[in-house]
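Please look through the structure shown below. The paragraphs that follow lead from the way helices are described to the fold, and then to particular helix pairs and residues.

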Amino acid sequence: MASGFFALLDDIAALMDDVAAMSKITAKKTAGILGDDLAVNAEKASGFMSDREIPVLWAISKGSMVNKLIILPIAFLLSYLLPSAIIVALVLGGLYLAYEGAEKIYEVFVPHHDAAHQTLNTEMTEADILALEKERVKAAIVTDFILSVEIIIIALGSVADEPLNIQIPVVSLIALIATVGVYGIVAMIVRMDEFGLKLINLNEQDNSFSDYVGRFLVGALPWVIKSLSVIGTIALLLVAGGIFVHNIHFFHDLLPQLPDIVKEFLVGLGVGLVVLAGVKLVMKVISLFKKK
């Protein structure tokens, strides 16, 4: 009986080693989209009243956890019943990521007003502020759902050849990191200016070391968010390009002389621009029909 117990412990230890190894590999493959998730949520979580930032982040993170609880069982069931569907979902997700990355680049050169980015102003009543806050939280949770699907599908695609006893803990761990890790970092980013102000008011002296650090943190916040947005866009295109290169033979054999990272970026950008042009064309046709 004792030998059976120790054999069970050995099996558990071997399983945990496999889970740890696969989690490390999967985390690398999902790092790009996790970076974009961080950039998107840092942008969406900023701009609220100082005392509402943490409650808003908590509301979004709870919504994110619910999203994962909905997506994970469906993804595991799909992987078990129809494994080939994971590749199809992965490529479709890649099309969306490529489109989103290309759209962000397009908006830099052809900016347009978006009502969804409405910000707070001094003329708004408390009811208006709460309504806007609720609307932005809802929009953030919807965006998180889309990104969560992509994170879980990419993670699942990384362990598609593994048995379910490896797939479930690895993908669940990545999903947990995507919520706790991302929103924990977002919380630190959006509170960076508040911490800076506390450092500035730490003592009565002018131009003390804490004043310099505090002013740096306050001034750095908008630049950090903008930098995350740029990094997130590049990461989107790299992740999308990687999906196409590794799952579609045409792209795999294309431009073999280029380094993989350059090839994946160009493929992601090229496909994204094509999808973006298609979406713009369809929207244009729909708008013309509505006018008639």
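The axes used here are lines fitted to C-alpha atoms, taken for helices over the stretch in contact, and the angles run from 0 to 180 degrees between N-to-C directions. Two packed helices are described by the angle between their axes and the distance between the axes. With those terms in place, helix α2 and helix α5 (residues 164-190) can be described: their axes come within 10 Å of each other and cross at roughly 165°. That angle makes α2 roughly antiparallel to α5, since angles over 145 degrees count as roughly antiparallel. The crossing of α2 past α5 is right-handed. Sorted by class, the residues of this contact comprise 17 nonpolar, six polar and two charged ones.

The model is a predicted one, and the pair just described belongs to a helical protein. Its secondary structure consists of nine helices and zero strands, so that the pattern along the sequence reads α-α-α-α-α-α-α-α-α. Of the 292 residues in the protein, 37% are buried. The exposed surface comes to about 17100 Å², of which carbon and sulfur atoms supply 70%. Among the contacts with a separation of 6 or more, 77% are accounted for by residues 24 or more positions apart.

One residue of helix α2 may be considered on its own. S64 lies in this helix, which covers residues 53-81. Is S64 buried or exposed? S64 is buried, because its relative accessible area is 0%, and buried means under 20%. Leaving aside residues up to four places away in sequence, S64 touches D144, T179 and Y183.

A second pair of helices is formed by α6 (residues 192-200) and α7 (residues 209-247). Their axes are 7 Å apart, and the two helices pack at an angle of about 165°. Helices α6 and α7 are therefore roughly antiparallel to each other. Their crossing is left-handed. On the side of α6, the contact is made by M192, D193, F195, G196, L197, L199 and I200. On the side of α7, the contact is made by S210, D211, V213, G214, R215, L217, V218, A220, L221 and V224. The residues of this contact divide into 11 nonpolar, three polar and three charged.

The third pair joins α3 (residues 84-109) and α9. How are α3 and α9 oriented to each other? The axes come within 7 Å and cross at roughly 80°. The helices α3 and α9 are therefore roughly perpendicular to each other, as angles of 65 to 115 degrees are counted in that class. In α3 the residues of the contact are L95, A98, Y99, A102, E103, I105 and Y106. These meet G268, L269, V271, G272, L273, V275, L276, V279 and K280 in α9. By class, the contact of α3 with α9 has 12 nonpolar, two polar and two charged residues.

G268, one of the residues of α9 in that contact, repays a closer view. G268 is buried, with a relative accessible area of 0%. Apart from residues up to four places away in sequence, G268 touches A98, L237 and G241. A98 is among the residues of α3 that meet α9. The C-alpha atoms of G268 and L97 are 8.4 Å apart in space, although the two residues are 171 apart in sequence.

Helix α3 also holds E100. E100 counts as buried because its relative accessible area is 11%, and the limit for buried is under 20%. Along the chain, E100 and T233 are 133 residues apart, and their C-alpha atoms are separated by 8.1 Å.

The last residue considered here is F265, which is found in helix α9 (residues 260-291). F265 has 25% relative accessibility and therefore counts as partly exposed. Not counting residues up to four places away in sequence, F265 touches I234, L237 and L238. F265 and L237 are 28 residues apart in sequence, and the distance between their C-alpha atoms is 5.5 Å. L237 is also touched by G268, so L237 is in contact with two residues of α9, F265 and G268.

Methods: Residues numbered from 1 in each chain as written. Predicted model: local features only at pLDDT ≥ 70, side-chain atom pairs only at ≥ 80, totals over all residues. Heavy atoms only, no water. Helix = DSSP H or I, 4+ residues; strand = E, 2+ residues; numbered from the N terminus. Buried < 20%, exposed > 50% of the residue type's maximum accessible area, 1.4 Å probe, protein only. Contact = heavy atoms within 4.5 Å. Areas by Shrake-Rupley, 256 points an atom, 1.4 Å probe, with all protein chains shown as cover. Parallel < 35°, antiparallel > 145°, perpendicular 65-115°, else oblique. Left-handed = near helix turned anticlockwise from the far one by under 90°. Nonpolar A, V, L, I, M, F, W, Y, C, P; charged D, E, K, R; others polar.
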